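Welcome! Please have a look at the structure below, and then read on for a short tour of some helix contacts and a cavity.

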Amino acid sequence: MQTDNLELKKLVYLYLMNYAKSQPDMAIMAVNTFVKDCEDPNPLIRALAVRTMGCIRVDKITEYLCEPLRKCLKDEDPYVRKTAAVCVAKLHDINAQLVEDQGFLDTLKDLISDSNPMVVANAVAALSEIAESHPSSNLLDLNPQSINKLLTALNECTEWGQIFILDCLASYMPKDDREAQSICERVTPRLSHANSAVVLSAVKVLMKFMEMLSKDLDYYGTLLKKLAPPLVTLLSAEPELQYVALRNINLIVQKRPEILKHEMKVFFVKYNDPIYVKLEKLDIMIRLASQANIAQVLAELKEYATEVDVDFVRKAVRAIGRCAIKVEQSAERCVSTLLDLIQTKVNYVVQEAIVVIKDIFRKYPNKYESVIATLCENLDSLDEPEARAAMIWIVGEYAERIDNADELLESFLEGFHDESTQVQLQLLTAIVKLFLKKPTETQELVQQVLSLATQDSDNPDLRDRGYIYWRLLSTDPVAAKEVVLAEKPLISEETDLIEPTLLDELICYIGTLASVYHKPPSAFVEGSRGVVHKSLPPRTGSSESAESPEAAPTGAPPGEQPAVIPAQGDLLGDLLNLDLGPPVTGPPLTAAPVQMGAVDLLGGGLDSLMGDEAEGMGGTNFAAPPAGTMPANLGAPIGGGLGDLFDLTSGVGSLSGSYVAPKAVWLPAMKAKGLEISGTFTRQVGSISMDLLLTNKALQVMSDFAIQFNRNSFGLAPAAPLQVHAPLSPNQTVEISLPLNTVGSVMKMDPLNNLQVAVKNNIDVFYFSTLYPLHILFVEDGKMERQMFLATWKDIPNENEAQFQIKDCPLNAEAVSSKLQASNIFTIAKRNVEGQDMLYQSLKLTNSIWVLAELRVQPGNPNLTVRLLAAPPRSLAHSLAHSLAHTHTDTHTPTHTHTHTHTHTHTREGRLQHQEEEILCSKSPCPLEGPRRHPRPPSPASSRAGAAVGA
Amino acid sequence: MIGGLFIYNHKGEVLISRVYRDDIGNRRNAVDAFRVNVIHARQQVRSPVTNIARTSFFHVKRSNIWLAAVTKQNVNAAMVFEFLYKMCDVMAAYFGKISEENIKNNFVLIYELLDEILDFGYPQNSETGALKTFITQQGIKSQHQTKEEQSQITSQVTGQIGWRREGIKYRRNELFLDVLESVNLLMSPQGQVLSAHVSGRVVMKSYLSGMPECKFGMNDKIVIEKQGKGTADETGKSGKQSIAIDDCTFHQCVRLSKFDSERSISFIPPDGEFELMRYRTTKDIILPFRVIPLVREVGRTKLEVKVVIKSNFKPSLLAQKIEVRIPTPLNTSGVQVICMKGKAKYKASENAIVWKIKRMAGMKESQISAEIELLPTNDKKKWARPPISMNFEVPFAPSGLKVRYLKVFEPKLNYSDHDVIKWVRYIGRSGIYETRC
């Protein structure tokens with residue numbers, strides 16, 4: 001080791017690095033030489049020593065490393081300093097505590113101001129890495145001064161150094177749009193760098209900071225124009241880099257389609273492109289397809305459909321279908337192209353075409369049935385389940401126009417048990433549809449399929465669906481028709497877009513593996529690294545109004561939180577969860593007594609509301625629990641709410657909105673690592689909001705706030721993500737008004753108005769629960785007509801009545817009435833009986849439950865007597881049928897590359913579909929390949945279904 | 001960051017393995033995982049990035065050699081690939097072609113290089129010029145270097161101008177500029193241009209003394225319009241000759257901020273050969289050749305193919321190395337070709353008729369006709385009809401790019417711009433030049 005031969009020395013060191021771990025005792029003997037070499041007059045040797053020492057992961061040695069490292073960090077030679085900077089990161093990886101104790105972090109921070117650009121770059125790289133494992137520490141401490149230093153170094157250092165610096169810049173959050181613009185201006189020259197990674201990292205910085213620029217700004221437009229050419233140039237790089245670039249462009253196109261909208265041609269597939277490049281280009285072509293270029297795109301796609309690679313051809317055929325759905329004007333052209341392709345008789349092309357034609361039917365119902373005949377000709381050649389299922393769906397859906405539909409379906413039925421579940425389910429639905437359309441001829445067929453599905457099948461999904469149909473058909477064929485043949489919601493192309501929050505996160509990771517996999521780093525990185533969620537900076541206020549319509553097609557409307565699909569156990573699903581147990585012997589058509597297992601879900605006071613109604617439903621017997629004592633259950637929260645309304649201490653209620661309680665502390669700082677949340681609920685002109693006061697009582701900056709509600713009785717959910725514009729520094733308080741809606745999923749809570757909330761920030765996730773005043777749910781059109789009021793009043797059974805007193809309320813009738821009106825409790829009539837004022841009032845909850853009240857005011861007596869009657873909106877049976885009719889979905893073709901919306905249903909079927917889909921996804925060969933699907937938007941029907949349950 | 005780097009031969013045996021980070025775990029596991037899942041995988045490579053058991057592998061292939069970078073973190077993927085390419089360049093600069101034999105003969109050198117250009121997974125200075133000053137194949141003797149030499153090396157490796165050392169001297173100051181372009185075309189059978197672009201490179205070979213400051217000018221539309229503002233007359237004249245560059249990228253020696261603000265290209269060049277810039281144009285491209293295909297299916301067992309090529313440039317210029325490749329179906333049993341010029345041959349192994357012409361002047365036309373006999377098959381699938389591709393070389397720049405000047409300033413040494421001997425050459429080659437049939 002003491003040799004003067006540098007080459008030999010390097011080899012010995014390399015040997016040490018590799019074998020030190022297995023023979024730590026031997027390695028210690030080398031320490032002396034390392035220490036000596038660190039003082040060698042030759043800087044190359046000093047650097048070599050410090051570089052090698054850091055790679056020896058033996059605890060005992062690391063202690064000896066500290067002194068030499070400290071010297072090397074201050075070495076006169078930049079080559080040694082830049083090596084030492086990286087060595088700090090190495091040491092931190094072995095022993096983080098040691099690095100902090102020895103104060104190396106501060107020395108490293110000083111190196112950011114070093115005169116040599118390469119030292120700066122390496123110091124930045126090392127600091128970024130250390131900061132990643134300490135997400136809370138303010139290690140990088142980026143401020144306008146240090147940013148300025150980095151930007152200066154950016155012009156001078158090597159290509160790799162530029163990447164480190166740009167990646168670091170991307171994590172900085174400029175304080176305003178002017179700063180963002182000035183950084184952008186200094187970063188744009190990097191777009192002409194020959195190194196693609198430099199270009200992509202610069203694009204990342206620009207995409208992120210652009211978020212802060214106002215769209216009205218001239219500079220914003222210039223920047224958009226500057227971004228396109230470098231992105232296109234990336235496509236002339238080597239294929240591997242092209243692939244990385246294309247995966248990123250896929251994200252960029254979704255975020256800002258305007259950048260590349262004129263560049264369609266460069267994404268045309270070349271014959272010699274590697275398959276991975278071809279597939280990615282295809283994806284981007286579809287995203288860029290528009291009315292202007294659709295002719296060209298279709299011509300290309302048709303060309304691709306005749307290529308050799310099976311996967312590519314399939315994707316091309318699918319792409320044609322997606323174009324039809326995306327660009328309405330082209331639908332006809334697409335269909336005729338698909339028909340041409342079917343004529344080729346190439347097996348997989350035909351099958352793929354049928355699958356997409358089914359989707360086209362979903363989008364444009366009753367428009368292209370003329371092609372059905374051609375499709376039917378190819379019935380025999382279909383051997384893939386997906387294509388068979390699609391074909392069966394088409395036959396079922398258009399049964400009335402296909403003369404021999406029953407024969408076709410019967411032919412499939414022969415091998416029922418050999419089919420895959422997907423086909424079986426589809427066949428069942430299709431035959432039921434056929435039966436409802438042509439009841440006379442197909443009685444036998446439907447009997448056959450129902451018995452096959454229920455009695456001979458082991459598949460619970462199939463059995464359940466079979467029973468549902470059976471029961472529907474046997475109890476009420478009209479309702480069955482309404483449910484099964486209901487109009488289906490149209491599908492849109494947005495299904496295969498990446499969910500907006502994930503997209504925003506991925507934009508922050510442009511150029512990295514996360515953007516290649518289209519997955520957040522936490523999905524593929526172990527340990528603490530990458531757990532930090534990155535998010536785009538919030539838009540500045542000025543641009544909010546400028547949210548131009550051209551941004552809309554990108555995905556869900558901005559600000560709208562994608563609805564979370566309850567994977568399991570949502571309410572209506574459970575309602576339908578008929579506990580049938582083993583198949584009942586004898587014909588089930590005679591409505592065997594069934595236990596409605598779900599009734600107890602409506603337990604307590606709620607089912608007493610429903611009890612009577614439920615009994616009236618069909619011939620089914622409900623084991624209706626004894627009517628509960630209503631006042632105990634319902635009275636309490638409502639009474640509480642009313643008490644608040646009359647709260648006089650808060651002065652005169654404002655007329656513009658309903659009563660607002662003073663903010664209460666919901667989450668004490670003690671319980672949430674320094675985050676204190678207090679808040680209240682308000683209702684103003686029809687919109688509910690949650691006014692929050694977030695206080696940072698910790699010593700570190702908080703950021704990345706997000707909020708989520710648990711399911712609750714009225715389906716309250718945030719209507720927008722929690723927007724905290726800047727990180728919350730210590731002792732700072734921020735006031736936020738979070739708009740709420742009532743389209744979330746519903747679950748009865750105890751007490752009824754209990755709301756469980758989860759708040760997340762960069763530190764942790766915290767949970768708390770609070771009671772919301774019920775009057776925020778009183779809607780503005782809660783004024784009932786007089787006649788209606790009278791009729792309803794009489795109809796409501798006694799069980800639904802509650803009576804209680806409000807004490808100490810010395811107001812007269814007028815004052816009470818106007819005060820209540822402010823909170824959407826309307827006075828219908830007023831009567832004076834024996835010197836007492838009787839007020840008759842109505843209110844309506846967001847879930848359409850009417851509550852009628854009689855309020856007795858006795859002059860001189862400060863107490864008010866209230867009688868409350870609650871009226872459910874419709875009979876349970878009716879609402880059930882109704883909601884089913886609107887959410888029923890017939891078909892479902894789970895694929896991991898391409899799934900179309902089949903509405904977000906609350907039915908049991910819907911639930912099963914989600915499960916199926918999950919299973920399929922987990923089976924797909926490389927789970928990393930497929931993009932995360934966009935959660936389906938809730939259909940209006942589902943919110944109605946939720947409301948019915950809320951009752 | 002990069003956790004490790006492996007080099008495999010075509011059989012999947014590891015030639016070089018260097019681990020930089022502990023997190024990739026057992027070296028053998030990682031090495032094997034890549035071999036089993038990628039090199040020995042049955043199907044074609046479906047992605048250059050593979051994730052196996054939460055470990056990501058990036059690979060590139062050079063002839064029979066696989067280079068794979070391994071990581072467990074969310075690294076900058078573009079950077080990893082750029083690094084792998086750079087690694088190939090550096091190795092090629094040291095020992096020529098990347099082959100199993102060359103790698104085996106240079107084990108020590110490669111490990112030395114890997115130690116230098118990648119530290120803890122972070123790429124460091126990888127300019128061959130700089131590296132060659134202190135990593136040599138002969139082995140370096142530290143005692144032979146003077147202290148000045150050492151500090152000169154380190155300042156060059158870390159310095160602002162990492163690509164050039166001080167004190168270079170030539171008796172004859174000379175520079176060569178090559179404008180190399182590749183024309184890419186995709187044309188429909190009807191002769192409609194589906195896509196066409198030129199990707200060009202300006203390669204400079206400089207033999208200049210000292211630290212010369214260079215300024216490069218070309219007929220870039222934006223620059224010319226800016227200058228031409230004074231005299232309207234000139235704008236009209238030069239406007240015709242100027243070209244619109246869609247995008248360009250530069251060698252790291254070019255001052256990007258200056259280009260961004262003034263659109264002037266100024267730099268201190270590395271010594272020897274380097275690629276000054278790359279550019280891409282899509283407008284007003286001179287397509288040197290036009291291919292007109294005519295394919296006729298005569299019954300089920302016979303195809304008639306006729307292809308006409310037309311040269312479309314000044315008659316005084318000569319195109320060279322012209323090659324037209326006409327694909328034939330897989331079930332071809334025999335081919336008869338007749339061509340007016342050059343030589344044509346049916347190559348069964350490549351499923352194509354290859355027609356070669358040594359030279360062809362501008363504004364000429366030539367044609368080939370072939371009869372292809374097919375074996376009857378019951379394969380339902382139709383022949384995919386791959387496009388007809390073409391190769392050629394022409395002595396002009398199809399994009400229309402012209403070098404206007406390259407000025408050299410060296411204030412410290414006494415030679416001026418006039419003393420430098422400058423050479424410029426234009427070569428246009430075919431990139432992917434295809435016509436569908």
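## Helices that meet, and an enclosed space

Helix α5(A) passes helix α8(A) in a left-handed crossing. Keep in mind that this is a predicted model. In chain A, α5 covers residues 59-73 and α8 covers residues 104-111, and their axes come within 11 Å and cross at roughly 20°. Angles under 35 degrees count as roughly parallel, and therefore α5(A) and α8(A) are roughly parallel to each other. From α5(A), the residues Cys66(A), Leu69(A), Arg70(A) and Leu73(A) take part in the contact, and they meet Phe104(A), Thr107(A) and Leu111(A) of α8(A). Sorted by character, the residues of this contact between α5(A) and α8(A) are five nonpolar, one polar and one charged.

Further along chain A is another pair, α18 (residues 310-326) and α19 (residues 331-343), with axes that come within 8 Å and cross at roughly 160°. Angles over 145 degrees count as roughly antiparallel, and α18(A) and α19(A) are therefore roughly antiparallel to each other. The crossing of this pair, α18(A) and α19(A), is left-handed. Val317(A), Ile320(A), Cys323(A) and Ala324(A) are the α18(A) side of the contact, where they meet Ala331(A), Cys334(A), Thr337(A), Leu338(A) and Leu341(A) of α19(A). Here the contact of α18(A) with α19(A) has eight nonpolar residues, one polar and no charged.

Now over to chain B. Its helices α2 (residues 77-95) and α4 (residues 107-117) have axes that come within 11 Å and cross at roughly 140°. That angle makes α2(B) oblique to α4(B). Which hand does the crossing of α2(B) and α4(B) have? The crossing of α2(B) and α4(B) is right-handed. On α2(B), the residues Phe83(B), Met87(B), Val90(B), Met91(B), Tyr94(B) and Phe95(B) meet Leu109(B), Ile110(B), Leu113(B), Leu114(B) and Ile117(B) on α4(B). The contact of α2(B) with α4(B) divides into eleven nonpolar residues, no polar and no charged.

Here are the three pairs together:

| Helix pair | Axes come within | Crossing angle |
|---|---|---|
| α5(A) and α8(A) | 11 Å | roughly 20° |
| α18(A) and α19(A) | 8 Å | roughly 160° |
| α2(B) and α4(B) | 11 Å | roughly 140° |

Finally, let us turn to empty space. The largest cavity has a volume of about 150 Å³. It is lined by 14 residues, and those closest to its centre are Tyr271(A), Glu303(A), Glu307(A), Pro387(B) and Arg436(B). How do the residues of the lining of the largest cavity divide? The lining of the largest cavity has seven nonpolar residues, one polar and six charged.

Methods:
Residues are numbered from 1 along each chain as its sequence is written. Chains are lettered from A and ligands numbered from 1 in the order in which they are written. This is a predicted model: local features need pLDDT of at least 70, side-chain atom pairs count only at pLDDT 80 or more; totals for chains, interfaces and linings use all residues. Side-chain values use heavy atoms; hydrogens and water are left out. Axes are lines fitted to C-alpha atoms, for helices over the stretch in contact, and angles run from 0 to 180 degrees between N-to-C directions. Helices (H or I, at least four residues) and strands (E, at least two) are DSSP runs, numbered from the N terminus. Angles under 35 degrees count as roughly parallel, over 145 as roughly antiparallel, 65 to 115 as roughly perpendicular and the rest as oblique. A crossing is left-handed if the near helix is turned anticlockwise from the far one by less than a right angle, and right-handed if clockwise. Contact means heavy atoms within 4.5 Å. Ala, Val, Leu, Ile, Met, Phe, Trp, Tyr, Cys and Pro count as nonpolar, Asp, Glu, Lys and Arg as charged, and the others, Gly among them, as polar. On a 1 Å grid over the protein atoms alone, a cavity is a set of points where a 1.4 Å probe fits but cannot get out, and a pocket is an open set with protein on both sides within 12 Å along at least five of seven lines; lining residues have an atom within 4 Å of a point. Grid points are joined across faces, edges and corners, and a volume is the space filled by probe spheres set on the points.
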